[in-house]
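Where does this model leave open space, and what lines it? Take a look at the structure first.

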Amino acid sequence: MASKRTASKKCGHALLSRRSLAILLLLAGAFTATGCAVTGGGLPTRADMRVLKSDENFELVSLKSGQTVDDVARVFLGDEREAWQLYELNGPLADTTSELIAVPRSPVNVTGVYQAFYRTVPILCYHQFTEAKHAEHRLELASTDFEDQLRYLVEQGYQFLSFAEVEQILAQERTVPAKSVVITIDDGYASVYDIAWPLLKKYRAKATLFVYTDFVGGGAAMSWPQLRELQSSDLIEVESHGKSHHSLARVKEDVDSRSYAERLKVELEGSEEVFSKRLGQMPQFMSYPYGNSSETIARMLNTDGYKLAATVTRGPNGSFVDPFLLHRTMIFSDHSLDQFATFLATEQPRR
Amino acid sequence: MPSTVLLKLPTLLLIAFAVGCSSGGGVIPVSGGGGFVARQAEAALAAQERGDLALARSIWLTVQTYDPAYEPAKDRLLELEQQIQVSVDKNLEQAKQAYARGNRRSGDRALLNVLALQPANAQAMASLRASVSEASHAKQAEKVREEQNMLAMADQQRRAEERFVELNQAYREGDFEQVLSLGQSDELKSSSTAQSIVVSALQQLAHQASAQGDFELELGYLEQAQSIDSSNSDLSNKVGALKQRISSEALKEGIALMKSDLNGAVEKLQLALSYDPSNVAIKRRLRQASTLQKNLEKIRGQ
């Protein structure tokens, strides 16, 4: 990072001799893309990059002085943490001037399946947070523990993904990142706004909130204005956890399949109506209350235009996972950071 | 570095670049480390050696981007694509056969092989997702079933706890018949703690019957308690002693009746024998009484 932050400094010409300046001017003329690594300071943009050749598959980018492979990843792939794609596609790369880097126009391995393993996206499930040193119950996490976890994710180079991005991965519109994680928070407790949100902002961590509409606005819950505020940020998605938090799997009270379908309809339509009225959007993603689903609810969600739905069953999310049965790992207050780290596997060995 | 060289450097770079761009093939010295094509060729060969044919193909394609006319890349690509296609066809067929045999795991493995070879193979992706989806739904259904069973068990547990409180209350109040009734309920039938209280209640009832001189009723309660707590030696001793007592009482009564009421005597002696089947004295008395009874019937019949 330091090298990028100082990139503009590297372009300072004040101390150059006239001869050196002449050489530099000639060098600049020798290449099609002129100028230093960064125009106008800050991080390099596409205009700062030198593309030597390209076809429908790849662009060949030649590093300018001060530019790095991470810069290329950020400019061409949208995130410096996507640099792994460049290292995968190219022989050994170095951050040296004129290093020629093949950049894919679309992911070369969009499904993330390799001979020895396949890439996965861990999805974490949180509920409540507390400022107290110790949580009162397993579903409540101390803010210090949550911060430790966020810091760990950032330090380890995990990309925070939204559910919209997971949808793109499952639709093969983008590849499974080498290291990514999805943070989800169920129910809609006020502590999400009061405690988790400042930390999410601090670490620039994306999160998907799944709220059940009967709860929002109640004593322990977030209010609709708070949810609107979160929704308007570029970090938070507000999505559906149903209307009443009743299980969406068939239970013994559902005397027949018709009454079960009726109950599901009430749950879905009820929450959709409130979402539409209060947030001005229809939910696209669902987390099943208690993580329980059925083929019936999955079919109904699909018909209603939902794109993804998540359980609380642990397991890997490869690119071929059922979009309506995403696996999630519940994070409990008694999990140590070491245990937490074990939930973040992004490669599943193929046996 | 001499200043003349410095001045000529841009020109040299220009020439190197131009030569590189115009060459029809071979290694082109573009990057500082020895050429893009050489670097990529090495990476492609390494990927191929690891069995990562899809990546090897992509890397060769980057060489084509650099120099579309570069023949070695064309040859390698053709060779790789043929190799990939043969393997894809073979794995698709293996998957089909595995699913037909009901071997989901093996089918999934073959389709993963296809995706590793052709990451964008839509047929493999659709089939694999369908298979994974079916398995996930089955797993979900099993989870829901297990949870519902656990809920039902928890519900049963709650009801059992309520019954247990009632049972304790009845025992404390001395309502032993109610204790017996609650002990028979579905919720407490299999609770060993509840049944131990039932045994105590039966012993209390036996004690009450004994106080009233109703030894047979006492025995009934004790035998009931014994059937619940068969390993209780104290109970076994009590039952044995009580049977002896009832038997000897009946024997005494039977002997006394032999003088006045032979039918009554036989009845009492049979009762005495039923409580002490191996008692020789009772058997002898019963034979005597029966013989006398038969003789009497004969006399009466004449």
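What follows is a short report on the two pockets and their linings.

The model is predicted. Rolling a probe the size of a water molecule over the atoms shows where empty space is left.

**Largest pocket.** This pocket holds about 750 Å³ of space. Its lining counts 26 residues. Nearest its centre lie Tyr118(A) and Pro316(A) from chain A, with Arg104(B), Asp108(B) and Val132(B) from chain B. Three elements each give at least two lining residues: strand 15 (347-349) of chain A, and helix 5 (104-117) and helix 6 (122-172) of chain B. Helix 6 of chain B gives the largest share, six residues.

**Second largest pocket.** Here the space is about 640 Å³. The lining has 27 residues. Ser247(A), Val251(A), Tyr290(A), Asn292(A) and Leu151(B) lie nearest the centre. Two or more lining residues come from strand 9 (180-187) of chain A, and likewise from helix 6 of chain B. Again, helix 6 of chain B supplies the largest share, this time eight residues.

The classes of lining residue are set out below.

| Pocket | Nonpolar | Polar | Charged |
|---|---|---|---|
| Largest pocket | 10 residues | eight residues | eight residues |
| Second largest pocket | nine residues | nine residues | nine residues |

Which element should you select to view both linings? Helix 6 of chain B gives the largest share in the largest pocket, and the largest share in the second largest pocket as well.

Terms used: Residues are numbered from 1 along each chain as its sequence is written. Chains are lettered from A and ligands numbered from 1 in the order in which they are written. This is a predicted model: local features need pLDDT of at least 70, side-chain atom pairs count only at pLDDT 80 or more; totals for chains, interfaces and linings use all residues. Side-chain values use heavy atoms; hydrogens and water are left out. On a 1 Å grid over the protein atoms alone, a cavity is a set of points where a 1.4 Å probe fits but cannot get out, and a pocket is an open set with protein on both sides within 12 Å along at least five of seven lines; lining residues have an atom within 4 Å of a point. Grid points are joined across faces, edges and corners, and a volume is the space filled by probe spheres set on the points. Helices (H or I, at least four residues) and strands (E, at least two) are DSSP runs, numbered from the N terminus. Ala, Val, Leu, Ile, Met, Phe, Trp, Tyr, Cys and Pro count as nonpolar, Asp, Glu, Lys and Arg as charged, and the others, Gly among them, as polar.
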